[in-house]
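Work through the exercises below with the structure open beside you, and try each task on your own before you read its solution.

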Amino acid sequence: MQNKIIDENLIQNVISDSVEHQKEFIQIAEKIIYGALSSFHQFDNSDRDDLLQNIFLKLFEKNKRRIKMWNKKAKFSTYLYMITTNQALDYIESKYFRQRLAND
């Protein structure tokens, strides 16, 4: 089976509201996001699932503004890693996460 990537053509179809392409995008992006989150050992599965959902909400909010901000000179996966890492670091700095760590 060929590894699928998120390319400019797929992004254009996602922006054009193609449900089929959005499903494909989500399947590919989910693997990339979980891969990026795997380096954060302080997260449990629940944290990873919450972050995954928040990242997809961020990508698709405001008419897919975050997806449209992608610079085509770079791979989309690199852009997705950046978004994921920033979201994870924000989560670590959040009051909720700090409180939960203190309670544990």
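**Exercise 1.** Find the helix that holds Asp47 in this predicted model, decide whether Asp47 is buried or exposed, and list which residues Asp47 is in contact with beyond its neighbours within four places in sequence.

*Solution.* Begin with the place in the chain: Asp47 lies in helix 3, which covers residues 45–68. Next, take the relative accessible area, which is 1% for Asp47; because buried means under 20%, Asp47 counts as buried. Finally, once the neighbours within four places in sequence are left aside, the contacts of Asp47 are Gln42, Tyr91, Phe97 and Arg100.

**Exercise 2.** Stay in helix 3 and turn to Phe56: is Phe56 buried or exposed, which residues does Phe56 touch, and what separates the C-alpha atoms of Phe56 and Glu30?

*Solution.* The relative accessibility of Phe56 is 13%, so this residue is classed as buried. Not counting residues up to four places away in sequence, Phe56 touches Phe25, Ile26, Ala29, Glu30 and Ile33. For the last step, Phe56 and Glu30 are 26 residues apart along the chain, while their C-alpha atoms are separated by 8.9 Å.

**Exercise 3.** Locate Gln22 in its helix, decide whether Gln22 is buried or exposed, and name the residues that Gln22 touches.

*Solution.* Gln22 belongs to helix 2, which spans residues 19–37. Its relative accessible area is 18%, and since the cut-off for buried is under 20%, Gln22 is buried. With residues up to four places away in sequence not counted, Gln22 touches Val14, Asp17, Phe60 and Lys64.

Conventions:
Residues numbered from 1 in each chain as written. Predicted model: local features only at pLDDT ≥ 70, side-chain atom pairs only at ≥ 80, totals over all residues. Heavy atoms only, no water. Helix = DSSP H or I, 4+ residues; strand = E, 2+ residues; numbered from the N terminus. Buried < 20%, exposed > 50% of the residue type's maximum accessible area, 1.4 Å probe, protein only. Contact = heavy atoms within 4.5 Å.
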